[in-house]
Amino acid sequence: MRIGAFLKQSLIDWEGRVSAVIFTKGCNFRCGYCHNPYLVLPELLRQTQDIEEHEVLDFLDRRKNWLDGVVISGGEPTLHEDLIPFIQKIKALGLPVKLDTNGSHPEVLEQLIGGKWIDAVAMDIKSALSLSCYRKVNRTMTDSLLERILESVRLVKDSGIEYQFRTTVIPRVQTPEEIQALKKEFLGTHYILQEFRDGDILEKHLQETLPIN
Ligand code: SF4
């Protein structure tokens, strides 16, 4: 597993739990508001060293009695072929796992939910569920990617595990009407709106010449 950052203790990444947070490297999205450009943009990825998987697992083994769970975030964790074996190693320590995802890999989500390898999932809903709205937030959006996201929404809703959908509200990007449409779309689900925070966001690193695949 390519790990870019590791937070040993968090009180905010899994509601009601003391969790450790693992940030995987690499993402297939380019969200302007992203606060983890060093986990996303290839130029910046190369500037950071990977954290060895065994270091993280050794720490979790030592601290498992003090933690309520492990959050796997990113970047986009579902890009990694070794995600499931990695989660299996964490579960073997007796620790529950929550996955943060952009929903672009429903086939991975299906395996994780079906195999009971995750105990909770949080999925970003970047904008109202149309190509034009999504593209305003994520430059890499395509029709087929939107289909995959819709499939992930269905999977998460029907998963039977703890879940959360969440949207970061960016006033200069999404219109109030789009936010209203989302609230209607996700009415009756576990859905939250998050406030945009400025800072060292991805948009500030993007240049026209940058590849966005
Ligand atoms: S905010 Fe967007 S670009 Fe950043 S890690 Fe999440 S999905 Fe990737």
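Helices and strands are here taken as DSSP runs, of at least four residues for a helix (H or I) and at least two for a strand (E), numbered from the N terminus. With these names in hand, the reader can be led through the structure, which is a predicted model.

A good place to begin is the loop between β3, which covers residues 69–73, and α3, which covers residues 83–92, since G75 lies in this loop. The peptide bond that leads from G74 to G75 is cis, and its omega is near 10 degrees. G75 also belongs to the residues around the ligand, which are C27, F29, C31, C34, V40, G75, N102 and K126. Sorted by class, this shell holds 5 nonpolar residues, 2 polar residues and 1 charged residue, and the ligand that it surrounds sits in the largest pocket.

From the ligand the view can be widened to the sheet, an open one built of 7 strands that follow one another in the order β1-β2-β3-β4-β5-β6-β7, with mixed pairing. At its edges are β1, residues 3–10, and β7, residues 191–195, each of which pairs on one side only. Between neighbouring strands of this sheet the turn is 20 degrees on average, when direction is ignored. Strands of a sheet pair through backbone hydrogen bonds, and they do so in either a parallel or an antiparallel way.

The part of the sheet that runs from β5 to β7 can be followed strand by strand. Strand β5, made of residues 120–124, pairs with β6 in the parallel sense over 5 bridges, and within this pairing A120 stands opposite E162 of β6. Strand β6 itself, residues 162–169, pairs with β7, again in the parallel sense and over 5 bridges. Two of the residue pairs that join these strands can be named: T167 has L193 in β7 as its bridge partner, while V169 has E195 in β7.

Helix α7, formed by residues 176–185, lies across both β6 and β7, and its direction makes an angle of about 150 degrees with β7.

One further backbone detail is found ahead of β5, in the loop that links α4, residues 106–114, to that strand, where K116 is located. Phi of K116 is near 55 degrees, which is a positive value in a residue other than glycine.

Methods. Residues numbered from 1 in each chain as written. Predicted model: local features only at pLDDT ≥ 70, side-chain atom pairs only at ≥ 80, totals over all residues. Heavy atoms only, no water. Pairing = 2+ DSSP bridges. Axes fitted to C-alpha atoms, helices over the stretch in contact; angles between N-to-C directions. Contact = heavy atoms within 4.5 Å. Near = heavy atom within 4 Å. 1 Å grid on protein atoms, 1.4 Å probe; cavity = no way out; pocket = protein on both sides within 12 Å on 5 of 7 lines; lining within 4 Å. Sits in = over half its atoms within 2 Å of the grid points. Nonpolar A, V, L, I, M, F, W, Y, C, P; charged D, E, K, R; others polar.
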